[in-house]
Amino acid sequence: MARKTATMDPGPDAPAGAVPGLERLPAGPALFAGRRTELAALRAAAVRPASGRCPVLVLAGRPGSGRTALAVRFARTGAADFPDGVLFARLSAPDGSRVAPARAARLLLEQLDPEAVVPLPGAVEDGREEPGCVALRGALAGRRVLLVLDDVRDAGQLWPLLPEESGCLVLATTAGPLTGIEDIDPVILGGLDRRASGELLADLVGGTRISCDPVGAADLAEACGSRPAALRLMAGWLRGNPEVAVADAARELHRVVEEEPAEKKPAGKKPAEKPVEKPVEKPVGTKGAAPEPAAAEAEEPATGAHGWVRPAPEPAEPVPVPDNDPLIGAFTLLHRTLPPVQARMLRALTLAPAQIADARTASALVGCPAPEAAATLAALAERELLGEEAPAADGTARYRVPGRLHPRLVRLREREDRPAETELARARLLERLVRLTEAARALLDPGAGPAPDPLPAALRLRSAEHARLWLLGEREVLLGAVADAIGQGDLDGSAGRLVTALLRTLPLAGAAAPADLYRLHELVRTVAERHGRPRRASAALLNLGDLQAAAGRWEQAAGHYRAALEHARTADDEPLCARALEGAAGCHRALGDAVRAADWYGRALGLRQSLGDQAAEARLLARVAEAHTAQRRFEEADREYRAALAVLRRIGDERGREAVAAALADLRERVDGGW
């Protein structure tokens, strides 16, 4: 058995619940060895005067160097200095794709204030002025908050998120230098020192086994590059092979690392060139400016708010883990010893949205009972192959595929699993999420319709409160699952059912922010246009226009209404045409363009009259009258108001008749007064 006595930083964690947001941080490894020097360097930099601006700390290290674990440790031990909370966001997906600053800002803003109104995304040339980023910086004003931004790819991601509040602190982790933002003095992570490496191995493998062969332990640490992730994987391999000597483990790792490039060569093809890594490592615990790029910028970077220097555009390619890296060698050794059930689960988790899974989603991916999936997930985490995430809102344990292992696992899945099996796993996941979402809707609104077929007991949502917590905790997973499926385009039926279920259910849980609804209706539009369904595409565009109009973005809303009109005409759907015309007219009215408003209202009026919709006819007559009034065409306005009164009298709408009569009386009084 491994001892749980690894040397840790002596600083105490913040008391549980004392600082909001600590529960959102990744769980991190149970054993945290070494890194005293680097932790001290971060603490010293955190108290450095920031010239009236928010201090920015950068923690740089290669994949597997333990930069995220150290950032979480720093946050937990220093959270008491930030009474307004700790915010956490990843700026890279496990597959290496770049998370847009606007998306990260939205997640951070919701953590800061769950009731905050998150602006709809906007296409702005200057990323710092994107509505979500502006809203985040405004919400941080006057607060003392620690922002932990993990796996930042480039300075262009970080710059729009920097607060203008000097009481805040930003800690960013990255695999390469972040050039272009001034006053950043990164703490560079190399390998662990010899003592810390030995202590970590002793606690993970067993003290006696390591102490009996200190030379073999030192050789193994050297073979791992003293990187924590590789050491943990090799410790997991040694625990599963108790008959293997520690010295033999080092030799076995060397052998696998040397074999790895040859194993990757496709038959008949020239081997790929080894990626060139950026030089980020320095001696352990040292600080210094990030390396300068090879070609200097020709122009001085622009200065932003509070003197921040806007970074010039730069490539945002992820720093790869080469095939002959000790980290990949350690993973290969450990993966070869996995039972088939665990290996299959690990490969399948690369299909999970954001590579985050609990027993419900994992069981759907591999087609096994939820208790069995939960045990397999825990076993993989114990072998250091999965990271533990913060539990879901309902307390369910969640796990994540580490980004450093994701590309290799995808390759293994593509090699080991048939395409039909992969598609079936994705389909099972979508259907599971549809059933869970519909079950949540039935609990939150029992009178809305017949309840769906009950789920197995281990998957069941027990109450309305449990359903609400599940929706709040899994909202991003649900939205990500829909986006992934529709992006691939082969499971539009299941994805469409999930979109419909989410549109019905999220508002019941108070989890339907306008930005979420916008994303969902965009996905509906994508599927409808892909399958040549103009009526459904028009309805989605109308909903998008309504969301933009509610946010006061009239020009964008008008564009959606015009696109909806084209689709409605293709479908020969006059009610949808009238709805789109009226929406566009309202946008021109809000923009102060009375001439265009009168034209679009008039076209909508003609359609409503042909359809015999008298209530809409009366409403549009009043709108046309208002547009005429704005153009000082008082006689035409008077005539339209009187026509509206006649229609309202016919249909018996007394309240509407009183409102229009008051507007007509006001118009006549103003005209008589010389208006």
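Helices here are DSSP runs of H or I with at least four residues, strands are E runs of at least two, and both are numbered from the N terminus. Keep in mind that you're working with a predicted model.

**Exercise 1. Get an overview of the chain: how many helices and strands are there, and what share of the residues is buried?**

Step 1. Start with the element count: the chain has 26 helices and eight strands.

Step 2. Now look at burial. The chain runs to 675 residues, and 51% of them count as buried.

Step 3. Next, the surface. About 30000 Å² is exposed, with 53% of that supplied by carbon and sulfur atoms.

Step 4. Finish with the contact map. Take contacts between residues at least 6 apart in sequence: 72% of these join residues at least 24 apart.

**Exercise 2. Work out the five-strand sheet: in what order do its strands lie, and which strands are at the edges?**

Step 1. Read off the order, which is 2-3-4-1-5, in an open sheet with parallel pairing.

Step 2. Pick out the edges. Strand 2 (86–90) and strand 5 (187–188) each pair on one side only.

Step 3. Check strand 4 against strand 3. Strand 3 (residues 146–152) and strand 4 (residues 169–174) are parallel and share five bridges. Leu146 sits opposite Leu169 of strand 4, and Val152 sits opposite Thr174.

Step 4. Do the same with strand 1 (residues 56–60), which runs parallel to strand 4 and is joined to it by five bridges. Here Leu57 has Leu171 as its bridge partner.

**Exercise 3. Split the side chains of strand 4 by direction: which residues point one way, and which the other?**

Step 1. Recall the rule of thumb: in a regular strand, side chains alternate between the two faces of the sheet.

Step 2. Apply it. Leu169, Leu171 and Thr173 go one way, while Val170, Ala172 and Thr174 go the other.

Step 3. Add burial, taking under 20% relative accessible area as the cut-off. Six of the six residues in strand 4 are buried, so the residues on both sides pass that cut-off.

**Exercise 4. Describe how helix 3 packs: what are the angle and axis distance to helix 4, and which strands does helix 3 lie across?**

Step 1. Two packed helices are described by the angle between their axes and the distance between the axes.

Step 2. For helix 3 (residues 101–112) and helix 4 (residues 131–140), the angle is about 35 degrees and the axes are 8 Å apart. The crossing is left-handed.

Step 3. List who makes the contact. Helix 3 brings Pro101, Ala102, Ala105, Leu108, Leu109 and Leu112, and helix 4 brings Gly132, Cys133, Ala135, Leu136, Ala139 and Leu140.

Step 4. Sort them by class: 11 nonpolar, one polar and no charged residues.

Step 5. Now turn to the sheet. Helix 3 lies across strand 2 and strand 3, and runs at about 155 degrees to strand 2.

**Exercise 5. Look at the three-strand sheet: why is one side of strand 6 and of strand 7 left without a neighbour?**

Step 1. The order is 6-8-7 in an open sheet with antiparallel pairing.

Step 2. Strand 6 (356–357) and strand 7 (387–388) are at the edges with a single partner strand each, so one side of each has no neighbour in the sheet.

Step 3. Zoom in on strand 7 and strand 8 (residues 399–400): two bridges join these antiparallel strands. Gly387 is placed opposite Arg400 of strand 8.

**Exercise 6. Classify Ser197, Leu544 and Val341: buried, partly exposed or exposed?**

Step 1. Take Ser197, in helix 6 (residues 194–205). Its relative accessible area is 1%, so Ser197 is buried. Beyond four places in sequence, Ser197 touches Leu192, Ala221, Ser226 and Leu231.

Step 2. Leu544 belongs to helix 20 (residues 534–550). At 0% relative accessibility, Leu544 is buried too. Leu544 touches residues including Tyr518, His521 and His560. Tyr518 is 26 residues away in sequence, with the C-alpha atoms 6.1 Å apart.

Step 3. Val341 is in helix 12 (residues 340–348). Its 49% relative accessibility makes Val341 partly exposed, since exposed means over 50%. Leaving out residues up to four places away, Val341 touches Glu372 and Thr376.

Key:
Residues are numbered from 1 along each chain as its sequence is written. This is a predicted model: local features need pLDDT of at least 70, side-chain atom pairs count only at pLDDT 80 or more; totals for chains, interfaces and linings use all residues. Side-chain values use heavy atoms; hydrogens and water are left out. Two strands pair if DSSP finds at least two bridges between them. Axes are lines fitted to C-alpha atoms, for helices over the stretch in contact, and angles run from 0 to 180 degrees between N-to-C directions. A crossing is left-handed if the near helix is turned anticlockwise from the far one by less than a right angle, and right-handed if clockwise. Contact means heavy atoms within 4.5 Å. Ala, Val, Leu, Ile, Met, Phe, Trp, Tyr, Cys and Pro count as nonpolar, Asp, Glu, Lys and Arg as charged, and the others, Gly among them, as polar. Buried means under 20% relative accessible area, exposed over 50%, partly exposed in between (1.4 Å probe, protein chains only). Accessible areas come from the Shrake-Rupley method with a 1.4 Å probe; for residues, only the protein chains shown count as cover.
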